[in-house]
Amino acid sequence: MTTTTSIERAEHLKAALKAQPQRLLIGGAWVEAVSGRTFETINPATGEVLAHIAHGATADVDLAVRAARKALSDPAWSRMSAVDRSRVLLRLADLVERDAENLAVLECLDNGKPATLTRAVEVEGTIRTFRYFAGWPTKFGGETLPVSPRSGAQILNYTTREPVGVAGLIVPWNYPLSMAAWKVAPALAAGCTVILKPAEQTPLTALRLGELALEAGVPPGVFNIITGFGDAGAALVEHDGVDKVAFTGSTAVGKAIVRASSGNLKKVSLELGGKSPQIVFPDADVKVAAASIAQGIFFNQGQTCTAGSRLYVHKSRADELLDAIAGAAARLKIGDGLQPDVDFGPLISQEQWDRVNHYVEVGSAEGATLAAGGQRPANLANGFFFEPTIFVNAAPTMRIVREEIFGPVLAALTWSDQDELVAQANDSEYGLSAGIWTNDIKAAHRTAAAIKAGTVWVNCFNMIDPASPFGGFRQSGWGREHGRQAMELYSETKSVWVNLS
Ligand code: NDP
């Protein structure tokens, strides 16, 4: 994408957004909110209002749940053959690919992250996710099991997999399109019907995904979208017509969802916060590690659940590594993501800027040394920009080491004793991911085994693929997205006993 193309495309998209109200998708139709109210979505790089979005709430959620329940038993969906369901998902992937540049620029406008990254990560990830899950309907079945009844009866026992039902999918603003895809694709592959609730800050690409789903042949009512605020998410969670909730977001809201979902004991899966350690051994390739560690914390302005925000570097390599990470941070070009050479955009909102700034104040007050960044870049007066920030001399008890900041802030600690290192790395309420940097194969595997985290990367970081399960230990969540595990999240197992005696 050239500069002119992205900026021109953005102007075209903005004009289209102004011309067309952004409605809810219920039962295959685009409708206003029952209240008639709307809210604004803005460009975090400029503060410009991009569009007015239908403000869905409890009454709209109720309509969407009714539509999703009706579609669940509609033969157009419930009797669709596995191969046809697969075909619909492949068609949706093709349509996302067709509209890739528009989606990439739209996501850049709504979320702020650079268009080069929205294209390479959000849009490409979405295409891959739909193509991967399109393979499952024709392969996801039960088993025949060798049971041994005490009576000696001759029994045929087999299992089947059935869609769990209506799924409420609540997603955050940090990866709006791909987080939607991570949930919509396996839910549809398993035969569920869904109600997607995008984050209030980033509804635009989710709405385009809904349009493309209809074009791909997803029957009316199978894929519904309610834009709105936390109360719309809460209404989904509480609704007795919803059989499953899948959520990505903060641990605090995850806990509220667990409490609120108990009315009908709906199934719940949660992908929550993280405070991922990056562990560097004395023999690590420091140049490679530094580039990846910088990327692991500064990518997406640090607004990533897996952000490698705690660095544990062996004291013999600390100066060298920290210099290289600071160098990588200094080379990041910060600015409006429509510019092709920009690597680092704004934070999502003023609220998030204030949160990150507060943690920088806390880190300094607690005695860590601010080695880089820590403020708004001097040349960017508008938008929610915050510099890549590095604290050194951090200590395990500090809040910047213990709490999820969700911004571009690295806290660096040094180590010398391997047992203490593992204990410190595991001293967290979270357990989403970890990075290990070493060429010592035994140290790599021993540490990978000892770390309490759902994903461990060795000599790499943030590698994610729809084939490999993703999720967290401890307060980082419940369940695993991606792979066969995701199909299991959206289905029930039935055991059938047939007496053949
Ligand atoms: P939230 O967890 O509040 O939001 C995530 C999604 O849940 C949004 O769609 C939100 O709607 C919805 N929601 C909010 N309240 C409820 C509720 N009671 N029941 C059901 N759904 C609800 O994250 P925030 O956007 O407020 O971000 C705050 C912090 O959360 C960040 O600073 C970061 O630390 C963490 N976070 C972690 C993420 C991760 O991937 N692990 C992703 C995003 C945030 P709405 O947007 O309208 O409020």
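These legends accompany several close-up views of a predicted model.

**View 1. The largest nonpolar core and the residues at its heart of contacts.**
The largest nonpolar core has 58 residues, and F130, F223 and Y490 touch the most other members. Helix α7, residues 176–189, gives the most to this core, with 10 residues. If you pick out F223, you can follow its contacts beyond four places in sequence: L25, V184, V194, L196, L209, G210, A213 and V218.

**View 2. A second nonpolar core.**
Back to the cores for a moment: F130, F223 and Y490 belong to the core of 58 residues. A second core, separate from that one, has 32 residues, among them I293, L321, W437 and F461.

**View 3. Helices α6 and α7 side by side.**
Here helix α6, residues 115–134, packs against α7 at an angle of about 5°, and the two axes are 9 Å apart. Angles under 35 degrees count as roughly parallel, and α6 and α7 are therefore roughly parallel to each other. On the α6 side, the contact is made by E122, V123, T126, T129, F130 and F133. On the α7 side, the residues are P176, L177, S178, A181, W182, V184, A185, P186 and A189. Sorted by kind, the residues of this contact are 11 nonpolar, 3 polar and 1 charged. Two names will be familiar from the first view: F130 of α6 is listed with F223 and Y490 as touching the most other members of the largest core, and V184 of α7 is in contact with F223.

**View 4. Two cysteines without a partner.**
Why does C305 form no bond with C460? The sulfur of C460 is the closest cysteine sulfur to that of C305, yet it lies 16 Å away, too far for a bond. A disulfide would need the two sulfur atoms within 2.5 Å. C460, for its part, is in no disulfide, and the structure as a whole holds 0 disulfides. C305 is also a buried residue, at 12% relative accessibility.

**View 5. H55 in a loop between a strand and a helix.**
H55 is found in the loop that runs between β4 (49–54) and α2 (58–73). Is this loop residue buried or exposed? H55 is buried, with a relative accessible area of 11%. Leaving out neighbours within four places in sequence, H55 is in contact with A33, S35, R37, T38, F39, D60, T227 and F229.

**View 6. Two asparagines with positive phi.**
Most residues other than glycine have a negative phi. N393, although not a glycine, has a positive phi of about 55°. N393 sits in the loop between β15 (389–392) and α14 (399–402), where it is exposed, with a relative accessible area of 57%. N462 also has a positive phi, near 60°. The place of N462 is the loop between β18 (455–458) and β19 (477–478), and with a relative accessible area of 23%, N462 is partly exposed.

**View 7. G363, a buried glycine in helix α13.**
G363 lies in helix α13, residues 350–366, and is buried, with a relative accessible area of 0%. Not counting residues up to four places away in sequence, G363 touches A368, F391 and I400. The C-alpha atoms of G363 and M398 are 7.2 Å apart in space, while the two residues are 35 residues apart in sequence.

**View 8. G168, a buried glycine in strand β7.**
Strand β7, residues 166–170, holds G168, which counts as buried at 0% relative accessibility. Which residues does G168 contact, leaving aside neighbours within four places in sequence? They are I195, L236, V242, K244, V245 and A246. The C-alpha atoms of G168 and V65 are separated by 8.8 Å, with their positions 103 residues apart along the chain counted as the separation.

**View 9. A234 in helix α9, and A448.**
A234 belongs to helix α9, residues 230–238, and is partly exposed, with a relative accessible area of 32%. From C-alpha to C-alpha, A234 and A448 are 37 Å apart in space, and they are 214 residues apart in sequence.

Technical notes:
Residues numbered from 1 in each chain as written. Predicted model: local features only at pLDDT ≥ 70, side-chain atom pairs only at ≥ 80, totals over all residues. Heavy atoms only, no water. Core = buried A, V, L, I, M, F, W, Y, C linked by side-chain atoms within 4.5 Å. Buried < 20%, exposed > 50% of the residue type's maximum accessible area, 1.4 Å probe, protein only. Helix = DSSP H or I, 4+ residues; strand = E, 2+ residues; numbered from the N terminus. Contact = heavy atoms within 4.5 Å. Axes fitted to C-alpha atoms, helices over the stretch in contact; angles between N-to-C directions. Parallel < 35°, antiparallel > 145°, perpendicular 65-115°, else oblique. Nonpolar A, V, L, I, M, F, W, Y, C, P; charged D, E, K, R; others polar.
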